[in-house]
Amino acid sequence: MVNGKHHEVIPLHDPIKIGTMSSILKSVASHHEVSVQDLLDLLDL
């Protein structure tokens, strides 16, 4: 486990607003010390 545990609340909205998704991705990327683009590449998105 890198940088310990990290928890995010994912809303049940369908669809999730772009700003909300962006905020979640930025938070996860920051926790793992990678860029959002690198995170998306790791997730194959």
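**Exercise 1. Place Leu39 in the predicted model, decide whether it is buried or exposed, and name its contacts.**

Step 1. In this predicted model, Leu39 belongs to helix H2, which covers residues 36–42.

Step 2. The relative accessibility of Leu39 is 8%, and since a residue counts as buried under 20%, Leu39 is classed as buried.

Step 3. When residues up to four places away in sequence are not counted, Leu39 touches Leu25, Val28, Ala29 and Val34.

Step 4. For Leu25 a distance can be added: the C-alpha atoms of Leu39 and Leu25 are separated by 7.8 Å, while the two residues stand 14 residues apart along the chain.

**Exercise 2. Describe the length of helix H1 and work out how its buried residues are arranged around the helix.**

Step 1. Helix H1 runs over residues 18–31, which gives it 14 residues. From the first C-alpha to the last it reaches 20 Å, close to the 20 Å expected at 1.5 Å a residue.

Step 2. The buried residues of H1 are Ile24, Leu25, Ala29 and His31.

Step 3. Viewed down the axis of H1, these buried residues fall within an arc of 165°, and therefore they line one face of the helix.

Step 4. Gly19, Lys26 and Ser30 are exposed on the other side of H1.

Step 5. The cover over the buried residues of H1 includes helix H2; two of those residues, Leu25 and Ala29, are among the contacts of Leu39, which is itself found in H2.

**Exercise 3. Locate Ile10 and determine which residues it contacts beyond its neighbours within four places in sequence.**

Step 1. Ile10 lies in the segment before H1.

Step 2. With a relative accessibility of 48%, Ile10 counts as partly exposed, because that class lies between the limits of 20% and 50%.

Step 3. Once neighbours within four places in sequence are left aside, Ile10 is in contact with Ile16 and Ile24, and Ile24 is one of the buried residues of H1.

Step 4. A C-alpha distance is also available for Ile10 and Thr20, which are 10 residues apart in sequence and 8.9 Å apart in space.

Step 5. The segment before H1 also holds Pro15, and the peptide bond leading from Asp14 to Pro15 is cis, with omega near 10°.

**Exercise 4. For Glu33 and Asp44, state the sign of phi, the position in the chain and the degree of exposure.**

Step 1. Glu33 has a positive phi of about 55°, although it is not a glycine. This residue follows H1 and lies in the loop between H1 and H2.

Step 2. Glu33 counts as exposed at 66% relative accessibility, because the exposed class begins over 50%.

Step 3. Asp44, likewise a residue other than glycine, has a positive phi near 60°, and is found in the segment after H2.

Step 4. At 69% relative accessibility, Asp44 counts as exposed.

**Exercise 5. Summarise the protein chain by its secondary structure, its extent and its surface.**

Step 1. The secondary structure comes to 2 helices and 0 strands.

Step 2. The C-alpha trace spans about 30 × 20 × 15 Å along its principal axes.

Step 3. Of the 45 residues in the chain, 13% are buried.

Step 4. The chain exposes about 3800 Å², of which carbon and sulfur atoms supply 59%.

Technical notes:
Residues numbered from 1 in each chain as written. Predicted model: local features only at pLDDT ≥ 70, side-chain atom pairs only at ≥ 80, totals over all residues. Heavy atoms only, no water. Buried < 20%, exposed > 50% of the residue type's maximum accessible area, 1.4 Å probe, protein only. Areas by Shrake-Rupley, 256 points an atom, 1.4 Å probe, with all protein chains shown as cover. Expected span 1.5 Å × (residues − 1). Arc of directions from axis to C-beta. Contact = heavy atoms within 4.5 Å.
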